[in-house]
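Subject: Structure for your review

Dear colleague,

I am handing over the structure below, and after it I set out what was found, grouped by topic so that you can follow each point in your viewer.

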Amino acid sequence: MVSPTPIKTEGPAALLANAEAYAESKTHKSTRMAVGLAIMAGLFIGLAFVFYLTVTTGSHAGWGMTRLMGGLAFSMGLILVVLGGAELFTSTVLSMLARANGKISTRGLLYTWARVYMGNLFGALLLVFIVMVAGLYQLDDGQWGLNALQVAQHKLHHSWIQAFALGVLCNLLVCLAIWMTFTSQNPLTKAVMVILPVAMFVSTGFEHSVANMFMVPLGMSIATFAPDSFWQAIGSSPAAFNDLNLIQFISANLIPVTLGNIVGGAGLVGMGYWLIINPERENKTAQISSLTLPSATYSERPTMTQETLTIEKNMKPIHCALQSHQFVADALEQLNRYQLQGAPVVDKQNELVGFFSVQDVFVDLWWNDYQPDMDTKVEDLMRTEVQTVEADQSVIELAQYMSIDNQVLYPVSDAGIATRFTTQSALERAKTQTLSRPYVYPVMKDNILVGVISRSDVVRTLAPLYGNAMDILPADAKEGLVSA
């Protein structure tokens, strides 16, 4: 589901709120989707290591510059993960925030981690197979493969505690990179943000469990399956890499590095911010004072509080949730009965799966030359990308979302760089905006559909701001007054 973009706020508390939403979203994906996206992440990180090996093979730029170039190349992996929406174990550990907030159980947390971890492993091993079949290890007269062997071998020569510490440092940077992306909705900005943290951890030699799922098995595969011509080209033999074996990989690298990644990401970044900010945020919420509107000439101008301005206080209870398997004719009868233009759609488990409106019916009628199929069901016409709002959100936030496009009103990038110039004032630009935004929004509370709020409900709530405490009359009542 797609939620309206809230008013942008600054500071750590806003980042924590975004991180908590990110963490909770990790736990709501189906196993099929989570594992599939995890496989993609394993492939992406493996491809980044292929890029790293290619850039660093045969380089004479010096130790530091060579590793910097490799780190910059490797950052492609996390960029693909972030922009491609893949599931990476080292960022999924931030779902610890969902456990801290009581959104999931410990068992649910471990299950979320396990399915992503196994998916990453499968994706990484799949790429190892493809790379071996492609014979990439023979590039540059076998120097590419020798580079891979040496990188893989080096990873197995850390002590257990050293591998653990390198894992902590690695995921500290990875999760900080992910954390920074919560400040922006711009894909290019997100991509740029992750480059330097990733380049640092790679160039300095920190340990990433998912990257190692590709790199070490690749070295093991080259040592086992490379032909004699390869060994002759590099002037070495398989015996020099006997330590590249499964037991050594799991015990000396994968286990300590994975545990270190969990501590660095879930502990230092996720729970670190949560323990620092969450108590302060709760105190601020508990002590929030009434919002008194500016003085005006109207003596009856009301005082409105944050509590009365929440969506939950001003929504309509959900009386007309449609079933996805309903026939369209039945759904229209239900909408007419409640005099609605549209309604949320739920499945047999009563979970929100879409939104059905009369607009969808009009389009279907036009497309079928006004001879629709009588067996058409709601799920055939409904929209699955539903813009929802949370019950504890402010009506003011929703009103702004409905009426203002900040990219038009303030034409700058997330970095504050002007994207276009205009001579119109902000007020003039605001008045001329025509936005394609829904008029009705399903209201969610703890991921449960609890009501709907429409544009008219928002206007009715905010009308007293003009000093008139009367409810806005419905359209038919206004017509009666005009005719009278």
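**Surface patches**

Isoleucine 161 is found in helix H8. Before going further, please keep in mind that this is a predicted model, and that what follows should be read in that light. Isoleucine 161 has a relative accessible area of 55% and is therefore exposed. Together with Trp160, Leu246, Ile250, Ile255 and Leu259, isoleucine 161 makes a nonpolar surface patch of about 560 Å². Two elements, helix H8 (160-181) and helix H12 (246-286), give two or more residues to this nonpolar patch, and H12 gives the most, with four residues.

There is also a negative surface patch, which is formed by Asp373, Asp375, Glu379 and Asp380. Of its residues, glutamate 379 is found in helix H16, which covers residues 378-381, and because its relative accessibility is 41%, glutamate 379 counts as partly exposed.

**Salt bridges**

How many salt bridges does the count come to? The count comes to eight salt bridges, and I describe some of them here.

In one of them, the side chains of glutamate 87 and lysine 26 meet with an N to O distance of 3.1 Å. Glutamate 87 lies in the loop between helix H3 (63-84) and helix H4 (89-92), whereas lysine 26 lies in helix H1 (residues 12-28), so this salt bridge ties together parts that are 61 residues apart in sequence. Both partners, glutamate 87 and lysine 26, are buried. The pair also belongs to a network of salt bridges, in which Lys26, Lys29 and Glu87 are linked.

Another salt bridge is the one in which the side chains of glutamate 312 and lysine 445 meet, here at 2.9 Å from N to O. This pair links distant parts of the chain, since glutamate 312 is in helix H13 (residues 311-314) and lysine 445 is in strand E6 (residues 440-445), 133 residues apart. With regard to solvent, glutamate 312 has a relative accessibility of 36% and therefore counts as partly exposed, and lysine 445, at 37% relative accessibility, counts as partly exposed as well.

A further salt bridge is formed by aspartate 457 with arginine 460, where the closest N and O atoms are 3.0 Å apart. Aspartate 457 and arginine 460 are separated by about one helical turn, because they are three residues apart in helix H20 (residues 455-462). Are the two partners buried or partly exposed? Aspartate 457, at 4% relative accessibility, counts as buried, whereas arginine 460, at 30% relative accessibility, counts as partly exposed.

**Cysteines**

The count of disulfides comes to zero. Why does cysteine 170 form no bond with cysteine 175? The sulfur of cysteine 175 is the closest cysteine sulfur to that of cysteine 170, yet the two are 9.0 Å apart, which is too far for a bond, given that a disulfide requires a pair of cysteine sulfur atoms within 2.5 Å. Seen from the other side, cysteine 175 is in no disulfide either, its nearest cysteine sulfur being that of cysteine 170, 9.0 Å away. As for burial, cysteine 170 has a relative accessible area of 0% and is buried, and cysteine 175 is likewise buried, with a relative accessible area of 0%.

**Contacts between residues far apart in sequence**

Two further pairs may be useful when you inspect the fold. Glycine 270 lies in helix H12, which is also the element that gives the most to the nonpolar patch. At 2% relative accessibility, glycine 270 counts as buried. Although glycine 270 and leucine 94 are 176 residues apart in sequence, their C-alpha atoms are 5.6 Å apart in space.

The second pair involves lysine 313, whose place is in helix H13, the helix that also holds glutamate 312. Lysine 313 has a relative accessibility of 54% and therefore counts as exposed. From lysine 313 to valine 395 the separation is 82 residues in sequence and 9.3 Å in space, taken from C-alpha to C-alpha.

With best regards

Methods
Residues are numbered from 1 along each chain as its sequence is written. This is a predicted model: local features need pLDDT of at least 70, side-chain atom pairs count only at pLDDT 80 or more; totals for chains, interfaces and linings use all residues. Side-chain values use heavy atoms; hydrogens and water are left out. Patches are made of residues with over 30% relative accessible area and no salt bridge: like charges are joined within 9 Å, nonpolar side chains (Val, Leu, Ile, Met, Phe, Trp, Tyr) within 5 Å. Accessible areas come from the Shrake-Rupley method with a 1.4 Å probe; for residues, only the protein chains shown count as cover. A salt bridge is a side-chain nitrogen of Lys or Arg within 4 Å of a carboxyl oxygen of Asp or Glu. Lys and Arg count as positive and Asp and Glu as negative; His and the chain ends are not counted. The place of a charge is taken as NZ of Lys, CZ of Arg, CG of Asp or CD of Glu. Buried means under 20% relative accessible area, exposed over 50%, partly exposed in between (1.4 Å probe, protein chains only).
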